[in-house]
Amino acid sequence: MQSNIEVFKERNAWLQRTGMNGPTLEIIGAPEEKASGAAARELSAGLTRLGFCGPQAGKIILDVDKTLPEEGYRIGGGKISGGSDNGLLYGAFAFLRELAQGKEPFEIKEESAPKARFRVLNHWDSVSGKVERGYSGNSLFFKDSKLCFDESEIIDYARLIASVGINAICLNNVNVPPDAARLIFPESIEKLKSLAAIFRQFGIRVAVSVAFDSPVIDGLDTADPLDEAVSLWWNERASELYRNIPDFAGFVVKADSEFRGGPAALGRTQADGANMLARALAPHGGTVFWRCFIYDCLQDWRDQSIDRPKAPYELFMPQDGMFDENVVLQIKHGPVDFQVREPNSPLLGAMKHTAQGLELQITQEYTGQQIDLYCLPVQWEEILAFPEASGGELRSIIGSKITTIAGVANCGKSSNWTGHALAQLNLYGFGRMAWDPSLSAREVAGEWARLTFGEPWERVRDLCLKSREAYEKYTTPLALGWMVNIHHHYGPSPEGYEFMKWGSYHRASHSALGVDRTSKGTGLTKQYNGKLAETLDDMDACPEELLLFFHRVPFNYRLKSGKTLLQRLYDDHFEGAEMVEGFISEWQALKSQLAPEVFESVSKKLALQLENAKEWRDVVNTYFYRLTETPDEAGRKIYV
Ligand code: GCW
């Protein structure tokens, strides 16, 4: 989204154009509650920006009603009630959201409470100020190896993310080099404390990523979780943090992953490592968010006995029940790595005795890098509907087995927070869907487009909703994945990862494509629940959009449409690029209704996207043509 201020400015201008000034609303707060202060403050500022300055008078009453869920709210008949101060604040934001979409203040009626306890943004900000996989400028929090921030910018940012329901934020990258490990050392505490104080005003708790080997960085000779001196070290760090930041959320940990230290490297289990940290935080009410993104990143491509997507389940399932209560195992939505299309991780919902977190990526690492338009809520809606281990939709276990939804943030110091003006939809959608996983992509995109653009909202919404399909078609359809350029992950390179050590292969030959992950192949399908495992195992029954994830498929295999696999791949690449041409005309047609800067900046991005789409189309089509020597049935141009 644009900053709320931008949204309100536009809305205000729209109200003035249409002569629709609303009533002046008087806010009657509940003075004994400290954040009804925050709710009243936000409501009053929001109402002014929305142009509620007309002649009629009305009253909005704010109150805390402890019978409501803690973060929940109820709006009706001119009254906003919250289950707590924070609930009231969410109620105030919800009220403004409805007003800004054109509802009459006294007709707004809504009751809502989030299911997930933690709705977290994970920033991958490095202390240098650069952002790993960041496409929106530098970090909002760091510069030159230190915490360094602009207070008023952080206030705007906190308001922005709280307004969509975020209640925790992890400030730094999960890759924690020694200089970043110092973030929890005494020298950083004062700054951390003042940053946390700003977020606290918006109901947001601060977490940090920690290096598992921090004690060694501080001079101890081991980071062994079973060593008493190591536990003591962590206990002390935790006590000092909580003395200064009583609502500190906890630690995010990437251990034993991609060259990071961890318990396995010391001969201990994941549970040993996570529990040691959890016990340091437990007395203070903190949580350990322990990531499950662990696999062999030094795999020999010749060794077909290893299959990367099997790794998290193989490692963590046997340890189910061994983790302390304040450990959340944070699981990437797919078993590999944030590709355009993956099945859900089989680990989601499979562990019966361990709190789980769903990790999504809002920053567009593999999905267009905020150059290409890509509406992530479309993908998230599918992820939330995918069957979890006991057969129900994933969204049905949010609030029970899944306590946390974490999103890798897409924000930075760019003028519009997200680099691409339309990538604001992804941040907005993440917050809204983390709050209410039953919301559809169409609903959240509609809300956002209406709040941001006013009149042409339906056309902007529809354009955004098609963008995922286009991107999937011109890059890697049918869950093929991994044809990206290595390291930076933008643009095509069909064999970029094919002979690397990262475990992400497609093994294309002249006659077939994909990895056999069925029970006759690597056996990944066996990690899924019985009925789903059977469906995935059978090439004819497997959902077509996941075909190349689970099967090695001959190029002449006939899909349900009657097309061969090869022809489908050609068609998708041509159609995807054509869709982008369509987006450009649709956007051009909106010119007179859009703010000139937004129109121009998105037009530039769309032109770059078209170049990217054509590059993908031509590189991938040529690659398959050269392997198969089979032409496109429609005779379109393929470079040979
Ligand atoms: O997708 C990969 C990214 C890395 C990232 C890693 C992870 C932060 O390419 O940049 O590191 O995943 O999720 O830990």
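**A tour from the ligand to the domain interface**

Begin by selecting glutamate 365: one of its polar side-chain atoms lies 2.6 Å from an oxygen atom of the ligand. Please keep in mind throughout that the structure on the screen is a predicted model.

Next, select arginine 291. Here a polar side-chain atom is placed 2.7 Å from an oxygen atom of the ligand. Then select arginine 133, where the distance from a polar side-chain atom to an oxygen atom of the ligand is 2.9 Å.

Now display the surroundings of the ligand. How many residues surround the ligand, and which are the closest? There are 15 of them, and the closest are Glu132, Lys254, Lys332, Asp337 and Glu365. Glu365, the starting point of this tour, thus appears again in that list.

Step back and colour the protein chain by domain. The domain assignment gives domain 1 as residues 9–111 and domain 2 as residues 118–439. Domain 3 is written in two segments, 454–515 and 552–640.

Keep domain 2 and domain 3 in view. Their centres, taken over C-alpha atoms, are separated by 30 Å. Domain 2 brings 36 residues to the contact, and domain 3 brings 35 residues. Between these two domains an area of about 3,100 Å² is buried, and carbon and sulfur atoms give 59% of this area.

Which charged side chains should be selected at this point? Choose arginine 468 and glutamate 382, whose side chains meet in a salt bridge with an N to O distance of 2.9 Å. The count between domain 2 and domain 3 is two salt bridges. Across the interface of these domains there are also 20 residue pairs in polar contact.

Select helix H11, residues 376–385, as the following stop. With three residues, this helix gives the most to the side of domain 2 that touches domain 3. By class, that side of domain 2 holds 16 nonpolar, ten polar and ten charged residues.

For the last stop, select arginine 237 and glutamate 240. Their side chains meet in a salt bridge, at 2.2 Å from N to O. Both belong to helix H8, residues 228–244; because they are three residues apart in this helix, about one helical turn separates them. In the model, the count comes to 38 salt bridges.

Notes
Residues numbered from 1 in each chain as written. Predicted model: local features only at pLDDT ≥ 70, side-chain atom pairs only at ≥ 80, totals over all residues. Heavy atoms only, no water. Domains from an automatic or database assignment. Contact = heavy atoms within 4.5 Å. Buried area = accessible area lost by both parts, 1.4 Å probe. Salt bridge = Lys/Arg side-chain N within 4 Å of Asp/Glu carboxyl O. Polar contact = N/O pair within 3.5 Å; in protein donor to acceptor, adjacent residues only side chain to side chain. Helix = DSSP H or I, 4+ residues; strand = E, 2+ residues; numbered from the N terminus. Nonpolar A, V, L, I, M, F, W, Y, C, P; charged D, E, K, R; others polar. Near = heavy atom within 4 Å.
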